[in-house]
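Got your viewer open? Load the model and follow along, one selection at a time.

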Amino acid sequence: MCGIVAYIGSKPAYPILINGLKRLEYRGYDSAGIALLDKNISTYKRKGKVSDLEAFVEDKNTNGFIGIGHTRWATHGAPNDVNAHPHVSQHGHFVIIHNGIIENYGRLKKRLEDRGYKFQSETDTEVLSNLIEYIYLKGNVSAEIAVRLALTKVIGAYGLVIMCKDEPDKLIAARKGSPLVIGIGKEEYYLASDATPIVEYTKSVIYLNENDIAIIKKDELSLKSLTNEKLTPEIHTLDLDVDEIEKGGYEHYMLKEIFEQPRSILDTFRGRVVPDMSAIHLGGLLEVLPRLKEAKRIIIIGCGTSWHAGLVGEYLLEDLARIPVEVEYASEFRYRNPIINKDDVIIAISQSGETADTLAAIQLAKENGAMVLGICNVVGSSIPRLTDGGVYTHAGPEIGVASTKAFTAQVTVLTMMAILLGRERNIISDENYKKLILELVSIPEKIEKILTYSAVFEKIAALYKNANNFLYLGRGYFFPVALEGALKLKEISYIHAEGYPAAEMKHGPIALIDEKMPIVVIAAKDKSYEKVVSNIQEVKARKGIVIAIVTEGDTIIKEMADHVLEIPYTHEALGPLLAVIPLQLLSYYIAVMRGCNVDQPRNLAKSVTVE
Ligand code: G6P
C-alpha cells in the first residue's frame with residue numbers, strides 16, 4: 001500500500017525512479033510523483049497512474065543523480081495532485097515520500113499551525129515534512145538530527161525517504177511498520193518498498209528493521225537506531241530474477257500468475273516432500289514441531305484471500321490432524337479481546353508479509369504468550385521476521401492485485417502441514433500418508449490439464465459477462481473455494497458476487513435466484529456430492545443458471561447443469577487446489593471482457609499496510 005522508490009549515485013535518477021514506480025504500482029495507483037535533486041529540487045506529481053506522471057514530466061527538467069518517487073493508495077485526503085507525494089516542507093528545505101499512517105498527525109498539525117505553518121494538502125505526510133523542517137530550523141540542527149527528533153514525536157507507521165536541499169549529498173530513510181529495502185550498488189544505493197525495482201541493478205540488499213534510520217550517501221551508508229546507536233547492516237542476497245517480475249508474454253500479470261500455478265505449487269513442495277514421497281520435511285517448523293503437534297488449538301489469522309486459504313487450512317488440519325482450529329480475520333481478532341492461551345498456536349497467513357492488521361494480531365498473540373508461525377510469500381518481509389517459525393510459500397512475486405498463485409501456494413503449505421501433523425499425531429495411517437503425498441505431487445500436472453480448457457472458460461465468461469450478480473456455492477472443503485471464487489469476481493470485474501455454503505442457500509440467497517442469476521456450484525466428487533446434486537436441483541427448480549465444477553467423467557450433473565467445467569479427480573482434501581483454477585479463469589475472462597483493469601482493480605491495493 002503506497003510504493004516508494006529512491007536512488008542516489010552517478011546515474012540519472014529519473015529513469016530508475018519511473019521504472020521503479022511502474023514495478024511498485026500494484027501497491028497503489030491513486031497518484032504518482034517524483035522529486036529530483038539537481039541544483040534545486042524539482043517535484044512533479046500527478047493524480048492517476050505512473051503513465052500519467054510520465055506524460056506530465058515529458059517536457060520537464062529531469063536532471064539529477066538523486067531522487068525519490070512515490071505511488072499512492074490514498075488514506076488521508078482525496079486522490080488528487082495536491083495530496084500526491086512527494087511533499088515539500090513549507091520553506092522548501094525538505095521533500096519526503098511516505099508509506100504508512102501518522103496517527104497523531106492532527107495534534108502535530110495543530111501545533112505547527114499555531115507556529116505559523118500553513119498546509120497545502122490534507123495528508124499526514126505533509127505534517128511530517130513540516131515537523132522535520134520546524135525542528136531543523138528552530139533547533140539549528142542537521143537534517144539527520146531533525147528527522148530523528150521528529151520521528152520520536154510520531155505515533156504510527158512509516159517507511160520514509162527524505163531529501164534535504166541543504167545537504168544534497170544524502171538521502172535519509174527510516175522504517176517503522178512499513179517495509180523498506182536498500183539495494184547496494186557500486187557507489188550507488190537504491191531504496192524501495194520491496195525488492196522488485198532493485199533486482200535489475202543489484203542483488204545485495206539490506207532490509208531495514210523497525211526503528212532503523214539509514215543515512216545514505218552515494219559511497220557510504222550508515223545505519224542507526226532511533227536512539228542514535230550505530231548499527232551494523234546485515235546484507236542479504238536476493239533470490240529473485242527480473243523475468244519473474246515481467247509479464248513474460250502474457251497480456252496481464254494475473255493471467256501469467258494463474259498459468260504459473262503448476263510451477264509455483266511444485267516450487268512450494270519441492271525439497272519438502274522427500275524424493276521417495278515417503279515423508280514431508282518442513283525445515284521452518286522443525287524446532288517448533290513438538291509444541292505444534294501438542295497444540296490444544298490452532299488459530300489461523302489472515303485477511304482477504306489469505307483468510308480463505310486459512311479456512312481451507314481449518315478443514316485440512318481438523319480432518320487430517322484432528323487439531324481444533326479457528327480461523328479469524330486478523331482485524332476482528334485483534335479488536336475483540338480474544339482468548340489466547342499459552343498452548344495455542346497461531347498461524348498467520350500473508351502473501352506480502354506486511355498486512356498491517358495481521359502484523360498487529362501477531363503482536364497481540366505474542367504478548368499473550370502464544371507461539372506464532374507464519375505462512376508468507378515475500379522473503380524478508382515483516383511477518384516472517386516477527387514469528388517463531390513458519391514456512392515460505394515460494395510462489396514467486398505476485399504482482400496482480402487479485403491473489404491467485406499465492407492462494408494455491410498457501411493451501412499447498414497448509415496441506416503439507418496437515419499431512420505432517422496427522423502423521424506425527426498418529427491420526428493418518430502409513431498408507432494414507434503416502435497416498436496423500438502422492439496426490440499432492442500429482443496436483444501440478446492436474447492443474448496443467450485444467451489450464452488447457454481455458455478456451456471453454458472464456459466462452460462461458462462471454463455468456464455471463466453482463467450479469468449483475470453471481471452466487472458461488474460449495475460444501476466442506478469447497479466452501480472456502482466458493483468464497484474465494486466470489487471474491488475474485490467482485491475484485492476484478494466489479495460484479496456483485498457472494499459465496500455461500502451450498503446448504504445455506506435455502507436460508508436466504510435462494511430468494512435471489514431467477515433466470516438471470518448465474519450460480520457457480522463446486523460439485524466435484526467428495527462426501528457431500530449427493531447433497532450438492534440436490535442443491536443444484538433446487539437452483540434449477542427456480543430457473544437459475546448453473547455453472548458446475550465437476551470431476552471428470554461426471555454424467556449426473558451434466559444432465560442438470562447449464563454448463564460443466566471439468567477438473568481431474570483428486571482426494572477431496574486436495575480438491576481446493578484444483579477447483580479454484582476454473583474460478584480464477586472465469587473471473588479473469590469476465591473482467592477482461594468488461595474492459596476492467598485486471599491487474600490494478602479500482603480502489604484496491606496489494607499490500608495493505610494500513611489498519
Ligand atoms: C489485499 C489484497 C488481497 C490479499 C489481502 C491480504 O486485500 O488485494 O489479494 O489477499 O490484501 O494480503 P496478504 O499480503 O496479507 O496476503
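Start in strand β21 and select L473: its bridge partner in β22 is Y500. Before going on, keep in mind that this is a predicted model.

**Stop one: the parallel sheet**

Now widen the selection to residues 469–474, which make up strand β21. This strand pairs with β22 in the parallel sense, over six bridges. Zoom out a little and you'll find five strands forming an open sheet, with parallel pairing, in the order β22-β21-β23-β24-β25. To see the edges, pick 496–501 for β22 and 563–567 for β25; each of these pairs on one side only. On average, neighbouring strands here are turned by 20° against each other, ignoring direction.

**Stop two: a helix across the sheet**

Keep the sheet on screen and add residues 478–493, helix α16. The helix lies across β21, β22 and β23 (518–522), and runs at about 175° to β22.

Next, click on E491, which sits in helix α16. Is E491 buried or exposed? E491 counts as buried because its relative accessible area is 15%, and the cut-off for buried is under 20%. Which residues does E491 touch, leaving aside those up to four places away in sequence? Show A402, P601 and L604 to see them.

**Stop three: a helix with one buried face**

Jump to residues 50–57, helix α2, and colour V50, L53 and V57, the buried residues of this helix. Turn the view until you look down the axis of α2: the buried residues fall within an arc of 55°, so they line one face of the helix. Their spacing makes sense, too: an α-helix has 3.6 residues a turn, so residues three or four places apart point the same way. What covers the buried residues of α2? Bring up α1 (13–24), β2 (31–37), β3 (41–47) and β4 (66–72), which are among the elements doing so.

**Stop four: an enclosed strand**

Finally, select residues 212–217 for strand β12. Five of its six residues are buried, so β12 is largely enclosed by the rest of the structure.

Add 171–176, strand β8, which runs antiparallel to β12 and is joined to it by five bridges. Within this pair, L171 stands opposite I216 of β12. Then show 220–225, strand β13: six bridges join it to β12, again antiparallel. Here you can pick out A214 standing opposite L223 in β13. Together, β12 and β13 form a hairpin, with two residues between them.

Key:
Residues are numbered from 1 along each chain as its sequence is written. This is a predicted model: local features need pLDDT of at least 70, side-chain atom pairs count only at pLDDT 80 or more; totals for chains, interfaces and linings use all residues. Side-chain values use heavy atoms; hydrogens and water are left out. Two strands pair if DSSP finds at least two bridges between them. Helices (H or I, at least four residues) and strands (E, at least two) are DSSP runs, numbered from the N terminus. Axes are lines fitted to C-alpha atoms, for helices over the stretch in contact, and angles run from 0 to 180 degrees between N-to-C directions. Contact means heavy atoms within 4.5 Å. Buried means under 20% relative accessible area, exposed over 50%, partly exposed in between (1.4 Å probe, protein chains only). The arc is that of the directions from the helix axis to the C-beta atoms.
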